[in-house]
Amino acid sequence: MILLDPVWTSLLYLIAAVFFILALRGLSSPRTARRGNLIGAAGALIAVVTVFLSSRLDNIPWILAAIVVGSAIAAPVARRVRMTQMPQLVALFNGVGGGAAALVALLELSHADDPWVRLAIVFTLLVGAVSFAGSGVTFAKLQELMTTRPVVFPGLPVVMGAVLLAAVAAAGVVIFTGSLPLAVLLLALGLAAGVLLVLPVGGADVPIVISLLNAFTGLAVAASGVVLGNVLLVVAGTLVGASGTILTRAMAAAMGRSVTGILFGAFKGSSTAGSTAVSERPVRSSSAEDVAVLLGYAQRVIIVPGYGLAVAQGQHTAAELAQALEARGIEVDFAIHPVAGRMPGHMNVLLAEANVPYESLKEMGEINPEFKTADVALVVGANDVVNPAAKTSSGSPIYGMPILEVAEARQVVFLKRSMRPGFAGIENDLLYEPQTSLLFGDAKDSLAQVLGAVKAL
C-alpha cells in the first residue's frame, strides 16, 4: 500500500483543523449553526480519511466494521432524539469520547518508554474516565433514571479526597514504572471520581456539568494526541476543551453562580435541586378566551419560552400565535434567557425550527429594558428564569441569577401544566401577584386554544 506523502498529510490535517475552527465560529450563532455543523463534520471526515491514507493500519476489516456498527447506532439515534433530550445525547457523546481516549491510552502504555509520554497517558486515563463516568450520571439524572436532586452522604468529601489521593499516587507509580495493573486501578479510580463528582449536583446545574465534562473530554483527547503523536488530535481536543470551558463559565455566569459552587454547593445546601412542593396560596386563573382578549388588544407582546414549551413541542403553535398577533398590528418579540431549556441556545434552535425570524429572538440584555413597554408578557413553560427570588431572596438557590424582567410588564400570563416549581425547587412569587394570571394545561394545547380564540376576535 502506497502511503500519502507526509507533506500532504500535514496539509490535510491543517485543512481539517481550519474546518474545526470555522465550525466553532458557525456554532456561535443560531443563524449559522447548521452550516457550522456541516463544516465540522467535513473536517472530521477529512481527518479520518487522512489517517487511513497516511498510516500503516492493522486489522482494517475490524476498524471498518466498528465504523459501520457505530454509524448504524449513532445516526438513527441522533435523527430521532427529541429536542428536549438533546442534553442527554450530548452527555452520551461526551462520555463515549472520554472513554475512548482512556482506552486508547491504556492500550498504548505497553509501548511507552518515555516518562513524559506516560504522563500524558495517565492524564488521559484519569480525565477520560472521569468524563465517561460523570457523563453517565448526568445522562441518568436528565433522563430521570435516578433522582435529579443532589445525592450526598456523610463523609462524601472524605471519600472524594481519598479517591483523588489514591489516583495521584497510582499515577505517579505508573509514570515511573509503566505498571499495567496500576494503570487499570487508575482507570477504576477515575470512574469512581467521575461518579462522586456528579452525584452531588442537582436540578438546573446538571447541564452546566455536562458542558464541564465536555471540556474534560477535549483535554483527554488532546492528551491522547500527544500519546499517539497526532497533531490534529491535539488541536481538536484543545478546541473542544477551550470551547467547553468558555461555555461552562458562560452558563455559570448566566445562573449567577461559580463553577465550584455548582460542583460542591450541595455540601452546604446551595445546589439547585428539583422539588415537588406546591403552595396552597390562591392564584388567578384564566381561560383561553381571557388570554386571547389580553393579547388581541395589546400593542406590545413579549413571549418568554421555556422548557415546558420544548416538552410540549409547541414551538410551531407559538410561532403561529405570534404571526396572528402581528397580523393585527401587534408588535411581538421572543425573550430568550441564556439557560432557558436545558442548554444554551435551546430556545433559539427550538424557535428557529418553527421559522421564527431571528430578529424576533431577543437576548436577555436586549429585551429586559423593553418589558416595561409591554402590555402582556406571555410566559410559556418557563419558571426559574423569570423568578424575582433571584433578586430579592438572598437564601434562594437561584439568588444572583440574572432573570428576564417579566414582572415589569403591565400584565403577565403564565402557561403552566401545574403549580409545581421549576428545577430550582422554589416557589415563584410572581405567580401570586395581582397582574399575573395563569392558564393551566399542556403548553401546545393551551397555545392552540389561545390561537383559535385570537382568530375569533
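Analyst: Quick definition before we start: a helix here is a DSSP run of H or I that is at least four residues long, and helices are numbered from the N terminus. Keep in mind that this is a predicted model.

User: Okay, so where is asparagine 59 found?

Analyst: Asparagine 59 sits in the loop between α2 (33–54) and α3 (60–80). Its phi is near 55°, a positive value in a residue other than glycine.

User: What makes asparagine 59 count as exposed?

Analyst: The cut-off for exposed is over 50% relative accessible area. Asparagine 59 has 52% relative accessibility, so it counts as exposed.

User: And asparagine 355, is it buried or exposed, and how do you know?

Analyst: Run the same kind of check: buried needs under 20%, exposed needs over 50%. Asparagine 355 has a relative accessible area of 63%, so it is exposed. You'll find asparagine 355 in the loop between α14 (346–353) and β3 (361–363), and its phi is positive too, about 65°, although it is not a glycine.

User: Why is α1 called roughly parallel or antiparallel to α9?

Analyst: Look at the angle: helix α1 (residues 6–26) and α9 pack at about 10°, with axes 10 Å apart. Angles under 35 degrees count as roughly parallel, so α1 is roughly parallel to α9.

User: Which residues meet there?

Analyst: From α1, the residues include Tyr13, Phe20 and Leu24, and on the α9 side they include Leu232, Val235 and Leu239.

User: What makes you say strand β6 is enclosed?

Analyst: Buried means under 20% relative accessible area. In β6 (residues 436–440), 4 of the 5 residues are buried, so the strand is largely enclosed by the rest of the structure.

User: How do you know which strand β6 pairs with?

Analyst: Two strands pair if DSSP finds at least two bridges between them. Strand β5 (residues 411–416) and β6 have 5 bridges and run parallel, so they pair by that rule. Valine 412, for one, has threonine 436 in β6 as its bridge partner.

User: Which residues touch the most other members in the largest nonpolar core?

Analyst: That core has 44 residues, and Ile121, Leu125, Leu186 and Val209 touch the most other members. Helices that each supply at least two of its residues include α4 (86–108), α5 (115–142) and α8 (206–228). Apart from it lies another core of 40 residues, among them Ala292, Ile336, Val380 and Leu415.

User: How is the chain divided into domains?

Analyst: There's domain 1 (81–267) and domain 2 (288–456), and their C-alpha centres lie 36 Å apart.

How values were computed:
Residues numbered from 1 in each chain as written. Predicted model: local features only at pLDDT ≥ 70, side-chain atom pairs only at ≥ 80, totals over all residues. Heavy atoms only, no water. Buried < 20%, exposed > 50% of the residue type's maximum accessible area, 1.4 Å probe, protein only. Domains from an automatic or database assignment. Core = buried A, V, L, I, M, F, W, Y, C linked by side-chain atoms within 4.5 Å. Axes fitted to C-alpha atoms, helices over the stretch in contact; angles between N-to-C directions. Parallel < 35°, antiparallel > 145°, perpendicular 65-115°, else oblique. Contact = heavy atoms within 4.5 Å.
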